[in-house]
There are 2 protein chains.
Amino acid sequence: MKTTIKDIAQATGLSPATVSLVLNNRPSRISDATRERVLAAAAELGYRSNSAAVSLRTGRSYSLGLIVPDIRNDYYATYAKGMEDACQEMGWSLILCSTNGNPERERQYIETLQAKSIDGIAVVTTPPLTGTQSFEANRDLILRMQIPLVQMDLTGYREPINAVVCDHEKGGYMATRHLISLGHQKIAFITGPSSLEGSSSRLKGCMRAFHDYGLPWDDKMLYEGDYTYAAGLDGIDYLSDRDFTAVFAFNDLMAYGVYNGLAKYSLSVPEDVSVVGYDDHFLSSIISVPLTTIRQPIYEMGKEAARILIYKTEHPDTKPVITWFDLKLIVRKSTRKIC
Amino acid sequence: MKTTIKDIAQATGLSPATVSLVLNNRPSRISDATRERVLAAAAELGYRSNSAAVSLRTGRSYSLGLIVPDIRNDYYATYAKGMEDACQEMGWSLILCSTNGNPERERQYIETLQAKSIDGIAVVTTPPLTGTQSFEANRDLILRMQIPLVQMDLTGYREPINAVVCDHEKGGYMATRHLISLGHQKIAFITGPSSLEGSSSRLKGCMRAFHDYGLPWDDKMLYEGDYTYAAGLDGIDYLSDRDFTAVFAFNDLMAYGVYNGLAKYSLSVPEDVSVVGYDDHFLSSIISVPLTTIRQPIYEMGKEAARILIYKTEHPDTKPVITWFDLKLIVRKSTRKIC
DNA sequence: TCACAGAGATAAATCGTTTTATCATCAGCG
DNA sequence: CGCTGATGATAAAACGATTTATCTCTGTGA
């Protein structure tokens with residue numbers, strides 16, 4: 001039988017109220033002697049509070065929800081791990097919600113989370129699938145529920161909102177500048193969905209780099225992918241009749257697709273084509289031709305997301321927090337100088 | 001303000017008891033008219049039950065816990081996704097516990113989960129780190145708490161226990177036989193920790209294949225890894241002065257290490273050395289030399305694990321369930337015939 | 001001696017459900 | 001008319017913690 005607060009009260013001859021006060025370290029006038037007595041009994045009986053009871057009474061659950069499209073994707077898994085570690089440090093729990101990019105399922109999850117008195121929700125926005133509405137509606141749902149929300153990137157939402165963010169325009173700029181500085185002038189771009197802020201920012205950065213270095217921009221060198229491996233392959237097929245010496249893929253997974261797409265046309269990396277990715281997936285340093293890429297500190301961003309949410313539950317009426325993270329160009333073997 | 005069962009009672013002029021009975025579809029004598037009235041009001045007011053209250057009253061939470069060493073590892077992430085999908089189908093939730101292979105942290109998690117009245121726990125055993133105790137103690141803890149537990153593989157536990165299992169001896173046999181049938185006789189093995197059942201079974205299978213085909217077994221061709229990428233690299237370093245034409249790595253991650261380890265010695269796959277992996281990691285079909293491997297249906301096993309746990313909460317006093325899954329040899333480009 | 005001010009501890013209400021024993025009503029029947 | 005048995009619905013007690021107003025001391029100073 002699990003020990004309750006009553007058992008401790010009984011064991012010490014005190015009241016449940018006193019026990020609760022001590023166990024929660026509430027400001028109150030409990031003598032040190034009593035305090036000791038309670039703590040001793042609690043340890044003795046191996047007491048652990050029943051979180052259902054606590055939740056019911058306080059309306060809080062000391063748990064956060066994480067909504068991601070697919071936990072198998074290293075990008076989201078890393079974010080999850082960051083949040084999880086931060087939660088663990090504070091004695092909180094993380095509820096995992098993997099939506100397969102389905103907004104309807106996303107909505108169901110949000111309602112389940114609310115029913116669980118979840119204290120905060122972190123969302124990594126789903127690239128909108130064809131024929132489905134975007135995350136907008138679900139975001140409003142969360143906000144109406146008054147549940148603290150933290151987003152990855154700003155995703156075009158213009159109201160102030162909690163978020164962990166990288167300056168993707170700068171990221172796009174850095175990647176492009178790197179290629180230009182190696183002598184590349186004919187660069188192909190495999191982007192993400194233009195509806196995602198992170199993707200359109202990157203693209204802006206690319207264009208700015210072209211402008212700064214006086215290169216002519218050409219929309220024909222663009223292929224809009226959806227951040228999947230397959231999109232990388234398809235992109236190369238699409239671009240196969242164009243003339244380019246470098247490819248910038250907007251994430252590493254698509255860059256892997258590019259690798260294999262190029263192989264199909266007997267082009268090798270970096271001899272024939274230089275490739276830059278984005279994210280620094282854990283495999284990028286491992287694969288046969290290690291990938292030059294822009295590193296996002298996803299793990300740290302996950303940690304920060306959890307911290308923001310936990311902070312928000314303690315200080316509900318504070319202004320939205322936006323934490324910026326630095327991107328870093330990691331030069332490996334997939335890019336090389338040309339004449 | 002959230003709608004409660006009382007609000008519905010008020011709105012319909014009925015009692016909370018009636019409302020609860022209807023909403024939970026309890027066997028009772030409620031007239032169809034009343035039933036309709038309750039359902040209508042519930043829909044109208046957008047009622048969702050408060051799970052803290054339900055948990056407190058019933059001692060159940062409709063959530064499962066998943067304990068894995070590292071969610072970033074595709075193997076565990078796939079398992080997680082399987083469980084998550086099964087949970088979602090039934091309206092349950094999944095609480096993620098990533099332990100970094102630390103048994104102490106594992107223990108903390110188990111206690112947190114109990115405090116949350118978790119209905120079941122799935123564990124993928126942590127390879128014991130040096131200087132730490134194994135999962136044994138924590139398993140006993142869970143069992144003492146009377147929480148349904150389902151394991152991945154049997155891990156040497158001889159009492160009957162819920163588990164999802166592959167016949168790894170057969171897996172080891174299949175991989176080895178494949179290499180032998182291609183003409184390989186000098187085969188190196190990079191195993192997992194011998195304390196893990198899955199690993200020692202594979203090894204048994206390898207030895208049986210050698211025996212069946214009349215080949216001499218040599219313990220010197222063995223390197224005990226720990227299922228990490230680095231162990232693959234180290235294994236090749238360790239084996240570098242041996243004479244072999246093929247390597248069987250006990251998981252794909254180590255096989256990737258083997259790839260790069262071999263490259264260091266200017267050996268190429270499959271021309272100089274054939275490589276077989278185990279698991280069928282999602283990258284194995286993607287990498288430049290696609291990996292021949294033994295596929296475990298991890299996703300399905302995760303689904304089944306969740307199903308077993310949910311079943312167990314409904315039928316507590318049934319015998320332990322062990323579900324077996326088939327392994328499959330996936331032949332790709334990393335193995336070739338030799339003379 | 002009495003009023004009073006802390007200090008220390010507690011009684012009791014409350015959170016939202018579930019569940020069992022009980023209650024009211026009414027039809028049917030001898 | 002009074003009794004029995006369904007039938008339909010409810011009252012009320014949990015579950016385990018939190019929290020606020022309240023209670024009882026004790027010692028102090030007038």
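**Protein residues around DNA strands D and C**

Good morning. Let me begin with DNA strand D, which has 26 residues around it, where a residue counts as near a strand if one of its heavy atoms lies within 4 Å of it. Of these, A:Ile5, A:Arg26, A:Arg57, B:Thr18 and B:Thr34 come nearest. Among the atoms of DNA strand D that come within 4 Å of the protein, sugar and phosphate account for 61%.

A word on the basis of these values. This is a predicted model, in which local features need pLDDT of at least 70 and side-chain atom pairs count only at pLDDT 80 or more, while totals for chains, interfaces and linings use all residues. Residues are numbered from 1 along each chain as its sequence is written, chains are lettered from A and ligands numbered from 1 in the order in which they are written, and side-chain values use heavy atoms, with hydrogens and water left out.

I turn to the polar contacts of DNA strand D, a polar contact being a pair of N or O atoms within 3.5 Å. An N or O atom in the side chain of A:Tyr47 is 2.7 Å from a phosphate oxygen of this strand. Polar backbone atoms also take part: that of A:Asn50 is 3.3 Å from a phosphate oxygen of DNA strand D, and that of B:Ser15 is 3.1 Å from a phosphate oxygen of DNA strand D.

Which elements give two or more residues to the surface near DNA strand D? They are helix H2 (16-23) and helix H4 (51-58) of chain A, together with helix H2 (16-23) and helix H4 (51-58) of chain B; helices here are DSSP runs (H or I, at least four residues), numbered from the N terminus. H4(A) gives the most, with 4 residues.

Now to DNA strand C. There are 27 residues around this strand, and A:Thr18, A:Thr34, B:Ile5, B:Arg26 and B:Arg57 come nearest. Sugar and phosphate account for 61% of the atoms of DNA strand C that come within 4 Å of the protein.

Where do the arginines of chain B make contact? A polar side-chain atom of B:Arg26 lies 2.3 Å from a phosphate oxygen of DNA strand C, whereas a polar side-chain atom of B:Arg57 lies 2.3 Å from a base oxygen of DNA strand C. In addition, an N or O atom in the side chain of B:Tyr47 is 2.8 Å from a phosphate oxygen of DNA strand C.

Finally, H2 and H4 of chain A and H2 and H4 of chain B each supply at least two residues of the surface near DNA strand C. H4(B) gives the most to that surface, with 4 residues. Thank you.

Technical notes
Polar contact = N/O pair within 3.5 Å; in protein donor to acceptor, adjacent residues only side chain to side chain.
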